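Biologist: Could you walk me through this model, starting with its charged pairs and then its core and strands?

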Amino acid sequence: MCSEVSEACGNLPEADKPVLEPEAATSQQSVPSSGSEEEESTNPADYGNNFKIIDCNDQILELQTIIRDKNTSRSDFKFYADRLIRLVIEESLNQLPYSECSVITPTGAIYDGLKYRSGNCGVSIIRSGEAMEQGLRDCCRSIRIGKILVESDAETHEAKVVYARFPDDISRRQVLLMYPIMATGNTVIQAVNVLKDHGVPETAIILSNLFCTPMAARMVVSAFPDMTILTSELNSTAPNHFGQKYFGTD
């Protein structure tokens, strides 16, 4: 059983899902800037202890480069995007709570280790967030995944949630919220508000993200200072073509 909030969309078939999302639509417009050094900072320390960037190395930088290259074919784009997604998902799982446990090995020895605490789930923000679902399932085979659809108002360009489907007991779960590109933060803010409306506390939400701009980081951290945000990059320019290229709709 799942709790469901729907407005005009109902159960969306794959072909009917929107291509251009509010983050991409908004970011294509000019965004005024105050020009302050703090606003444009790419130092993760300026965004608090809950904003984290995975340790960068040459492999991650290569993946980011291939994803940003306009000459990358769709098949290569998807392959290397999936690799980066897997790295971010793996590190996101490290943010979940664990408990100590002991097991008996085949030789009869006792091994003291760790196990996930029960009650984890994923939530993807349609559509580009769905690109991260397989990476999560590859790590957690039986994990439940909910969905949120956020659309942009045609006149005001404001982000608005029109569909949400979660496990009934989501308020008692740790939630991995998946959205690869944060250009403005508006879509994520609306999605988190819906999760909070369903009883999920900020401290139980981990945002798994690939690319984030300083403006989006400032917006989301200011709105939800107790939520953990994990990304691979903080850069003033986000690859807003990600969803279209990944799903072959560019």
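Here is our conversation about it, one topic at a time.

Biologist: Happy to start; what kind of model is this, and which pLDDT do local features need?

Modeller: Residues are numbered from 1 along each chain as its sequence is written, and side-chain values use heavy atoms, with hydrogens and water left out. This is a predicted model in which totals for chains, interfaces and linings use all residues, side-chain atom pairs count only at pLDDT 80 or more, and local features need pLDDT of at least 70.

Biologist: Thanks! How many salt bridges does the structure hold?

Modeller: The term salt bridge refers to a side-chain nitrogen of Lys or Arg within 4 Å of a carboxyl oxygen of Asp or Glu. By that rule, the number of salt bridges in the structure is eight.

Biologist: Which residue forms a salt bridge with Asp 82?

Modeller: Look along helix α3 (residues 74-93); helices here are DSSP runs (H or I, at least four residues), strands are too (E, at least two), and both are numbered from the N terminus. Asp 82 and its partner are four residues apart in that helix, so about one helical turn separates them. At 28% relative accessibility Asp 82 is partly exposed, where buried means under 20% relative accessible area, exposed over 50%, and partly exposed in between (1.4 Å probe, protein chains only). The closest N and O atoms are 3.3 Å apart, and the partner is Lys 78.

Biologist: How far apart are the closest N and O atoms of Arg 86 and Glu 90?

Modeller: These two also sit four residues apart in helix α3, so they are separated by about one helical turn. Arg 86 is partly exposed at 34% relative accessibility, and Glu 90 is partly exposed at 34%. Their closest N and O atoms lie at a distance of 2.9 Å.

Biologist: Is Glu 133 buried or exposed?

Modeller: Glu 133 forms a salt bridge with Arg 137, with 3.4 Å between the closest N and O atoms. Arg 137 is partly exposed at 36% relative accessibility. Salt bridges with shared partners join both of them with Glu 130 and Lys 147 into one network. With a relative accessible area of 8%, Glu 133 is buried.

Biologist: Now the interior, please: which element gives the largest share of the largest nonpolar core?

Modeller: A nonpolar core is a set of buried Ala, Val, Leu, Ile, Met, Phe, Trp, Tyr and Cys residues joined through side-chain atoms within 4.5 Å. This one has 35 residues, and Ile 148, Leu 177, Met 182, Val 188 and Leu 195 touch the most other members. Elements supplying at least two residues each include β5 (120-126), β6 (144-152) and α6 (214-223). The largest share, six residues, comes from α5.

Biologist: How many residues are in the second, separate core?

Modeller: In soluble globular proteins, nonpolar side chains tend to be buried together. The second core includes Phe 77, Leu 84, Ile 89 and Ile 145, and its residue count is 29.

Biologist: On to the strands: what is the order of the open sheet of three strands?

Modeller: Two strands pair if DSSP finds at least two bridges between them. β9 (181-182) and β13 (233-234) are the edge strands, each pairing on one side only. Two bridges join β11 (residues 211-212) to β13 in parallel. Pairing throughout this sheet is parallel, and the order is β9-β11-β13.

Biologist: Last one: in β12, which residue is the bridge partner of Ile 206?

Modeller: β10 and β12 pair in parallel over three bridges. Both faces of β12 (residues 228-231) are covered, with Thr 228 and Leu 230 buried on one side and Ile 229 and Thr 231 buried on the other. The partner of Ile 206 is Thr 228.
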